[in-house]
Amino acid sequence: MAPESDQRSGLQPYLDSLRQVPNATLLSVLLALLAVALTLLVWKLIQGRKSSQRTVLLVGLCDSGKTLLFVRLLTGTYRNTQTSITDSSAVYKVSNDKGSSVTLVDLPGHESLRLQFLERFKATARAIVFVVDSVAFQREVKDVAEFLYQVLTDCTVLKNTLPLLIACNKQDITMAKSAKLIQQQLEKELNTLRVTRSAAPSTLDGSTSSGTAQLGKKGKEFDFSQLPMKVELVECSARGSKAEEGSADIEDLEKWLARIA
């Protein structure tokens with residue numbers, strides 16, 4: 001029979017391993033709790049950021065009908081509007097089961113002001129509604145595409161992947177272009193702009209413009225599906241077929257706002 005000291009020495013590794021089990025278990029529990037805490041913290045930060053981004057921006061060229069859309073959404077009534085030189089904002093309760101609300105902000109469409117106001121509000125934006133005059137579109141297509149290009153290549157807009165709705169307004173007028181044609185023409189013009197901008201001389205840091213990014217996928221004809229954010233088009237009429245005597249045709253716009261709220 002082996003001496004008692006030898007038996008103890010033979011059992012020592014086993015005894016040591018038993019002593020380490022509680023420590024290992026405790027460490028595993030602590031790591032699991034830490035992982036849960038970090039997950040909750042990240043989730044809270046994301047939710048907090050999401051809840052703080054409650055602004056929907058109405059942008060577009062002058063006379064596209066942004067302000068009348070703004071009024072119709074908020075009041076349902078018709079009102080004669082004029083070109084604005086500052087922003088207007090109001091809380092809009094969307095039509096969904098959650099009873100959500102967003103802050104609609106109507107931004108000036110004048111060329112000298114629109115980017116300045118976009119810069120001011122873009123960081124807190126939840127989504128963007130880009131309003132197009134469907135009647136004047138063929139005449140204004142280059143200007144519309146230029147402004148839309150500036151919106152779509154803005155680094156903040158891209159980073160936050162802001163959903164964007166192109167509202168093809170004034171569909172009550174016979175000469176209005178369809179949303180399908182407007183999409184095709186805009187994608188074509190945006191592709192042309194991308195080519196010309198990429199050929200422009202770069203700055204010292206290698207970029208073509210501060211705060212902007214490459215549009216779409218290099219080497220492919222541009223279309224909206226290449227963007228990180230979802231771009232949709234709807235046909236609408238802020239004026240409505242009977243103007244002040246009737247209601248606006250903005251149901252698709254209202255449904256979109258209910259989805260993104």
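Two rings of Phe, Tyr or Trp are taken as a pair if their centres lie within 6.5 Å. In this predicted model, two aromatic pairs are counted by that rule. The first to be described is formed by Phe130 and Phe147, whose ring centres are separated by 5.4 Å, with an angle of 50 degrees between the planes; the arrangement is tilted. Phe130 belongs to strand 4 (residues 125-133) and Phe147 to helix 4 (residues 137-152), so this pair ties together parts that are 17 residues apart in sequence. Both Phe130 and Phe147 are buried. The other pair consists of Phe222 and Phe224, with ring centres 5.7 Å apart; because planes over 60 degrees apart count as edge-to-face, the angle of 85 degrees places the pair in that class. With a relative accessibility of 5%, Phe222 is classed as buried, and a relative accessible area of 5% likewise makes Phe224 buried.

Aromatic rings also take part in arrangements with charged side chains. Arg114 is positioned over the face of Phe147, at 4.8 Å from the ring centre. Phe147 is thus a member of the tilted pair with Phe130 and also the ring beneath Arg114. In a further case, the charged end of Arg120 is placed over the ring of Phe117, at 4.6 Å from the centre of that ring.

Helix 4, which holds Phe147, also contains Leu152. The relative accessibility of Leu152 is 1%, and Leu152 is therefore counted as buried. Leaving aside residues up to four places away in sequence, Leu152 is in contact with Leu158, Leu164, Leu190, Leu215, Phe224, Leu227 and Met229. One of these contacts, Phe224, is a member of the edge-to-face pair. Leu152 and Gly216 are 64 residues apart along the chain, and their C-alpha atoms are separated by 9.5 Å.

Gln214 is located in the loop between helix 6 (179-198) and strand 6 (231-235). The relative accessible area of Gln214 is 47%; this residue is therefore partly exposed, since it falls between the limits of 20% for buried and 50% for exposed. Between Gln214 and Arg194 the C-alpha to C-alpha distance is 7.8 Å, at a separation of 20 residues in sequence.

On the surface, a nonpolar patch is made up of Leu27, Leu31, Leu34 and Leu38, which together have about 390 Å² of accessible area. Of these residues, Leu31 is assigned to helix 1 (residues 4-52).

How values were computed
Residues numbered from 1 in each chain as written. Predicted model: local features only at pLDDT ≥ 70, side-chain atom pairs only at ≥ 80, totals over all residues. Heavy atoms only, no water. Helix = DSSP H or I, 4+ residues; strand = E, 2+ residues; numbered from the N terminus. Buried < 20%, exposed > 50% of the residue type's maximum accessible area, 1.4 Å probe, protein only. Phe/Tyr/Trp six-rings, centres within 6.5 Å; stacked < 30°, edge-to-face > 60°. Lys NZ or Arg CZ within 6 Å of the ring centre and 35° of its normal. Patch = residues over 30% accessible without salt bridge, like charges linked within 9 Å, V, L, I, M, F, W, Y side chains within 5 Å. Areas by Shrake-Rupley, 256 points an atom, 1.4 Å probe, with all protein chains shown as cover. Salt bridge = Lys/Arg side-chain N within 4 Å of Asp/Glu carboxyl O. Contact = heavy atoms within 4.5 Å.
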